[in-house]
Structures are given as C-alpha cells and as structure tokens.
Amino acid sequence: MSIVAQPRLPILPLPTVQGHRWPARMYPGDLSQCSRVRADLRADLAEMLDLPDDLTETIVLCASEAFANAAEHSRSGEDGGRVLRALYAPTPWTLRLVVVDDGARESKPEVPRQRTDREWEEAERGRGLFLIETLSSAWGTYPVVPFPFCADLGTAVWTQFTLAEAIR
C-alpha cells in the first residue's frame with residue numbers, strides 16, 4: 001500500500017450560513033447572566049456545520065467579555081438594565097457577534113493603550129477588549145443611534161470571525 005498525499009480541496013463558502021441571522025437575545029445586565037449568555041451562544045453556534053470547537057470557544061469568550069463590559073461599564077448594569085446579543089453571518093466566510101448596552105455610564109469602550117508592561121502585569125482589570133481585539137478578525141464599536149444628541153442611548157460592540165481560516 002502506498003501513501004499518496006491527498007490534494008488539498010478548496011475551502012468552499014458556507015451557503016447555508018450566509019445571510020443567516022440567529023434570533024437576537026436579551027439578557028438582564030447582571031454579571032450572573034454570563035453563564036447563560038455563553039450557553040445560549042454555544043447552542044446557536046451548534047447550528048453551524050463543521051465549526052471547530054476552538055473557534056466556538058473563542059467566539060464564546062469574546063461574547064462573555066463584551067457582555068461583562070456592558071454590565072460593568074454601562075447603564076446595563078443598573079436596575080432594569082439589559083444587554084442585547086446578536087449573531088449573524090454577513091458573508092459565507094464571516095460570522096459577526098454584536099453586544100449592545102443600554103447606554104454610557106462611563107466612556108466609550110476601548111483597549112487601554114497607555115499602560116506600561118509593568119502596569120499590564122499588575123492590572124486586575126481591563127483585558128476584555130484586548131482579548132477581543134487579539135482573538136477576532138476585526139472589532140469595533142458604534143452608537144446605537146448615530147445622532148450626536150443620542151450618543152448616550154447605547155453602544156454596540158461588534159466582533160467578527162473569519163470562518164474560512166478556522167475550517168481549513
């Protein structure tokens with residue numbers, strides 16, 4: 001029996017996924033809801049065929065961090081506050097996760113860039129958006145309503161994952 005290398009098949013888009021939108025999910029803005037957010041997202045991602053476990057866990061980690069930031073740093077964490085999670089596939093190759101808070105209590109979400117190496121080593125907080133930036137293909141924020149007088153009505157943190165690289 002001879003061993004012959006199999007030709008590498010091209011990665012095809014996932015046509016059953018493109019344009020798919022999972023139902024948006026709303027959660028109370030309480031950190032105790034993180035486990036529910038993770039479980040629901042795992043269930044939604046299980047609908048996709050051949051999504052590697054490590055990519056699923058990466059997406060779940062990013063969702064957990066975005067949810068925690070919303071609950072911790074926005075009005076979502078106040079009494080009656082909420083956090084919305086949306087998930088969709090804008091192209092056959094990408095998956096986008098969006099977490100929307102109830103509005104600013106503090107400043108716009110951003111990665112702390114002015115830290116020294118020692119400050120990063122000693123910091124007990126502030127790594128969530130850095131993890132999202134590192135683990136996703138792209139990420140960003142936008143106001144829920146794009147008018148200056150509505151700036152405090154909510155912020156969406158989105159993070160995108162490239163499926164083609166993960167499925168190879």
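**Close-up views of a predicted model**

**View 1. Surroundings of Ala70 in helix H2.** Not counting residues up to four places away in sequence, Ala70 touches Ser76, Gly77, Val83, Val99 and Asp101. The structure shown in this and the following views is a predicted model. Ala70 belongs to helix H2, which spans residues 53–73. Its relative accessibility is 5%, and because buried means under 20%, Ala70 counts as buried. Asp30 lies 40 residues from Ala70 in sequence, with a C-alpha to C-alpha separation of 9.2 Å.

**View 2. Packing of helix H2 against helix H4.** Helix H4 covers residues 128–135, and its axis comes within 9 Å of the axis of H2. The two axes cross at roughly 150°, and therefore H2 is roughly antiparallel to H4, since angles over 145 degrees count as such. From H2, the contact is made by Thr58, Leu61, Cys62, Glu65, Ala66 and Asn69. From H4, Gly128, Leu129, Leu131, Ile132 and Leu135 take part. The crossing of H2 and H4 is left-handed.

**View 3. Pairing of strands E1 and E2.** Strand E1 comprises residues 25–28 and strand E2 residues 82–91. E1 and E2 run antiparallel and are joined by four bridges. Within this pair, Arg25 stands opposite Arg85 in E2.

**View 4. The hairpin of strands E2 and E3.** On E3, residues 94–100 form the strand. E2 and E3 are paired over six bridges in the antiparallel sense. Arg96 in E3 has Tyr88 standing opposite. Two residues make up the connection of the hairpin that joins E2 to E3.

**View 5. Surroundings of Thr94 in strand E3.** Thr94 lies in E3 and has a relative accessible area of 10%. Thr94 is therefore buried, as that value falls under the 20% cut-off. The side chain of Thr94 forms a polar contact of 2.8 Å with the side chain of Thr91. Leaving aside neighbours within four places in sequence, Thr94 is in contact with Tyr88 and Ala89. On the same basis, Gln160, Phe161 and Leu163 are also among the contacts of Thr94. Tyr88, listed here as a contact of Thr94, is the residue that stands opposite Arg96 in E3.

Technical notes
Residues are numbered from 1 along each chain as its sequence is written. This is a predicted model: local features need pLDDT of at least 70, side-chain atom pairs count only at pLDDT 80 or more; totals for chains, interfaces and linings use all residues. Side-chain values use heavy atoms; hydrogens and water are left out. Buried means under 20% relative accessible area, exposed over 50%, partly exposed in between (1.4 Å probe, protein chains only). A polar contact is a pair of N or O atoms within 3.5 Å; within protein, one must be able to donate a hydrogen and the other to accept it, and residues adjacent in sequence count only if both atoms are side-chain atoms. Contact means heavy atoms within 4.5 Å. Two strands pair if DSSP finds at least two bridges between them. Axes are lines fitted to C-alpha atoms, for helices over the stretch in contact, and angles run from 0 to 180 degrees between N-to-C directions. Angles under 35 degrees count as roughly parallel, over 145 as roughly antiparallel, 65 to 115 as roughly perpendicular and the rest as oblique. A crossing is left-handed if the near helix is turned anticlockwise from the far one by less than a right angle, and right-handed if clockwise.
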